[in-house]
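This report describes one protein chain for a reader who has not met it before. Please look at the sequence and the model first.

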Amino acid sequence: MATTYFQSFMDTFGALDERSRTFDGNDILCPPSEDFGYQNTPKNALTFASMGVDGVHFAVLKLGGVVREDSPVVQVSPMDSNDVIVLAGSFLHYLADGCEVSAQKMQSVFDAERAGERRLLPFLSEHFDGSRLLADKRTHELTATYGYLVERKVECT
């Protein structure tokens, strides 16, 4: 089985010194967390980054128990009423949209990285801006499309 874009991203950050594992101002969790500790975090979420303020964190959703190429990326904001929003329909599109490039361009960066050229970190550092992903209309449409994949935790009473 081929390595997913998500796993390639995690492998790249995992090779860095822990203090260097930042991306767009967020701390990258290596390894990603199966349970980030918030009730709002979907039970099928694999948390890969934390903003470090108000519990805001970023996760990829496991589908059928695994991270796939079509696994959506979500932002979890435990202090907000709209606590889980979908940022992208896949990890590749999360990075491509944040970099304002096509999915094909983002694929080519991953292809180079996988070939040993070490292009992913410099490319993301130069191009990625997560604020591009937060436009209300965009997140509303993505959440309407992919929100059904979010598996909410149920509190026992």
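The text below goes from the whole chain to its backbone and then to its aromatic rings.

**The chain as a whole**

The model is predicted. Its chain holds 5 helices and 6 strands. Along the sequence these elements follow the order α-β-β-β-β-β-β-α-α-α-α.

For 157 residues, a compact globule would have a radius of gyration near 15 Å, and the chain agrees with this because its own value is 15 Å. Along the principal axes, the C-alpha atoms fill a box of roughly 55 × 35 × 30 Å. Of the 157 residues, 46% are buried. Among contacts with a separation of 6 or more, 44% join residues that are 24 or more positions apart.

The accessible surface of the chain is about 8,400 Å², and carbon and sulfur atoms contribute 48% of that area. The chain carries 14 positive and 23 negative charges, and the mean positions of the two sets lie 3 Å apart.

**Backbone features**

Most residues other than glycine have a negative phi, and most peptide bonds are trans. Several places in this chain depart from that pattern.

The peptide bond from Cys30 to Pro31 is cis, with omega near 0°. Pro31 belongs to strand E2, which covers residues 26-33.

Asp24 is not a glycine, yet its phi is positive, at about 55°. This residue sits in the loop between strand E1 (22-23) and E2. Asp24 counts as partly exposed because its relative accessibility is 36%. Asp54 also has a positive phi, near 55°. Its place is the loop between strand E3 (45-50) and strand E4 (57-61).

Glu100 has a positive phi of about 55° too, and it comes just after helix H2. Helix H2 itself spans residues 91-99 and is mostly covered, with 7 of its 9 residues buried. Those buried residues are Phe91, Leu92, Tyr94, Leu95, Ala96, Gly98 and Cys99.

**Aromatic pairs**

How many aromatic pairs does the count give? The count comes to 14 aromatic pairs, taking ring centres within 6.5 Å as the rule.

One of these is the pair of Phe6 and Phe48, which is edge-to-face, with 5.8 Å centre to centre and 70° between the planes. Phe6 lies in helix H1 (residues 5-14) and Phe48 in strand E3, so this pair ties together parts that are 42 residues apart in sequence. Another pair, Phe23 and Phe128, is tilted, with 4.5 Å centre to centre and 40° between the planes. Phe23 is in strand E1, whereas Phe128 is in the loop between helix H4 (120-127) and helix H5 (136-146), so the pair links parts that are 105 residues apart in sequence.

Are the rings of these two pairs on buried or exposed residues? The table gives the relative accessible area of each residue.

| Residue | Relative accessible area | Class |
|---|---|---|
| Phe6 | 4% | buried |
| Phe48 | 0% | buried |
| Phe23 | 6% | buried |
| Phe128 | 9% | buried |

Each of the four counts as buried because its value is under 20%.

Ring pairs also link residues into a cluster, made up of Phe6, Phe9, Phe13, Phe23, Phe48, Phe91, Tyr94 and Phe128. Two of its members, Phe91 and Tyr94, are among the buried residues of H2.

Definitions and conventions:
Residues numbered from 1 in each chain as written. Predicted model: local features only at pLDDT ≥ 70, side-chain atom pairs only at ≥ 80, totals over all residues. Heavy atoms only, no water. Helix = DSSP H or I, 4+ residues; strand = E, 2+ residues; numbered from the N terminus. Rg over C-alpha atoms; globule rule 2.2 N^0.38 Å. Buried < 20%, exposed > 50% of the residue type's maximum accessible area, 1.4 Å probe, protein only. Contact = heavy atoms within 4.5 Å. Areas by Shrake-Rupley, 256 points an atom, 1.4 Å probe, with all protein chains shown as cover. Lys, Arg positive; Asp, Glu negative; His and termini not counted. Charge placed at Lys NZ, Arg CZ, Asp CG, Glu CD. Phe/Tyr/Trp six-rings, centres within 6.5 Å; stacked < 30°, edge-to-face > 60°.
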